[in-house]
Amino acid sequence: MTIQISKRAKTIKPSPTLTVSALAKQMKAEGIDVINFGVGEPDFNTPEYIKDEAKKAIDENFTRYTNTSGIIELRKAISNKLKRDNDLDCNPNDILVSPGAKASIVFVLMTVCDSLDEVLIPSPYWVSYTSQVEMVDALPVLLPTNMSSNFKITAKQLEEAILSLNRPKVLILNSPNNPTGSVYGKKELEEIAQVCLKYNILVISDEIYEKLIYDGVKHVSIASLSPEIREQTILINGVSKAYAMTGWRLGYAAGPTDIIKNASRIQSHTTSCVNSITQKAAVVALDKCEESIFIMREEFQKRRNFLVEELRNIPNVKCNMPQGAFYAMPNVPYYLHNNKKGITNSIEFCEFLLKKYKIAIVPGSAFGADEFVRFSYATDMKSIKEGLKRFKEGLLESISHGL
Ligand SMILES: Cc1ncc(COP(=O)(O)O)c(C=O)c1O
């Protein structure tokens, strides 16, 4: 007998970024010299004193289930962080700690969305948002942006989209943004907040790249703009990117009591709580780790400057300067439409570059932007230089008539 797979499971596509990364890792394991620009995690190690705290937690047998929403000292550390960095007063009881920001977003969507509710997502978008929305039987509605608006939506565009929908419920805002690196300024956020308040739209504000922001640009959380919008925002953040702790799995959601309480109930029946050891380590990360962030940010800024400048020097490649995260998204339509290899889209283009030039970059179609590709610069400078050399050679070969 064959068991039917659910319609829900069938609609979920594998994460293209994880797929590219896995393929690159596999090629590397086979001894192939691949340069991986697909990675979505810092190439730095978790700072020593965070690791020490985890070792201490094990030695002290802090190895049992904790309460669902997270140990109180961690929720207090998050509350202090929100006050310190984001000027937000948040009661520790209005915080839910989950196994990664990814899980936080899913639990919040499960809490607020009914079947066929509409969730607005600026595009290009992080690959998981659309699948997460589909997983809860809601409908993703993409809001297209372009290079000239630096990939940001406007309040007017948001309002028009809302007016054209049947059941608009949530806006997922991601600043600093993956994949574009765009960062929304205070005024832009104020205008967006006005629209969300006017039409009673919940904002899920994914601020996971908050600490990776360059050129002195300041991160603003939409939740901090007024008491009214704070009551209509779920702030999402975590330790993965800022503290190089992707494998530890810890993210959090902070927002209105009712939503957090209900999301916590869902978590209690799924993942129970976050790994107890990780929770102890995260307290130290949030309380003490500014210096490691500074070092990482300086290095990322250097790499970003080099990468973007080199990309811009390639004929027929355009690239905006990303202000945050660790990604750059060059625009490559010329090579998609004028190549002599029969390539017609960004997936085939990236396959060609991976197979022939041994560089792994993510096709823009993964983010709803087929005329782009995404480079992660969470890889060392030597690899970036070599990878760019191969990228240029690959582009030139693609439009040449040779074999
Ligand atoms: C925009 C965005 N949000 C959330 C996450 C998930 O982070 P976590 O490791 O905390 O699940 C990622 C990871 O790549 C991301 O890029």
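The exercises below, each with a worked solution, concern the predicted model shown above.

Residues are numbered from 1 along each chain as its sequence is written. Because the model is predicted, local features need pLDDT of at least 70 and side-chain atom pairs count only at pLDDT 80 or more, whereas totals for chains, interfaces and linings use all residues.

**Exercise 1.** Work out how the radius of gyration of the protein chain stands against the globule rule.

*Solution.* Begin with the secondary structure: the protein chain has 15 helices and 12 strands, where helices (H or I, at least four residues) and strands (E, at least two) are DSSP runs, numbered from the N terminus. The radius of gyration, taken over C-alpha atoms, is then set against the globule rule, which is 2.2 Å times the number of residues to the power 0.38. The protein chain has a radius of gyration of 21 Å, close to the 22 Å that the rule gives for 403 residues, so the chain is as compact as a globular protein of that length. Finally, residues 24 or more positions apart account for 74% of the contacts with a separation of 6 or more, a contact meaning heavy atoms within 4.5 Å.

**Exercise 2.** Decide which strands stand at the edges of the open sheet of 3 strands.

*Solution.* The order of this open sheet is 9-12-11, with antiparallel pairing, and two strands pair if DSSP finds at least two bridges between them. Strand 9 (327-328) and strand 11 (362-363) each have a single partner strand and stand at the edges, so one side of each is left without a neighbour in the sheet. Strand 9 pairs with strand 12 (residues 373-376) over 2 bridges in the antiparallel sense, and Y327 stands opposite S376 in strand 12.

**Exercise 3.** Establish whether helix 6 is largely enclosed or open, and describe the backbone on either side of it.

*Solution.* Apply the cut-offs: buried means under 20% relative accessible area, exposed over 50%, and partly exposed in between (1.4 Å probe, protein chains only). In helix 6 (residues 127-135), 7 of the 9 residues are buried, so the helix is largely enclosed by the rest of the structure; among them are Y129 and Q132. P124 lies in the loop between strand 3 (118-123) and helix 6, and the peptide bond from S123 to P124 is cis, with omega near 5°. Just after helix 6, D137 takes a positive phi of about 65°.

**Exercise 4.** Find where L116 lies and how accessible L116 is.

*Solution.* L116 belongs to the loop between helix 5 (101-112) and strand 3. Although not a glycine, L116 has a positive phi of about 75°, and at 47% relative accessibility L116 counts as partly exposed.

Technical notes
Side-chain values use heavy atoms; hydrogens and water are left out.
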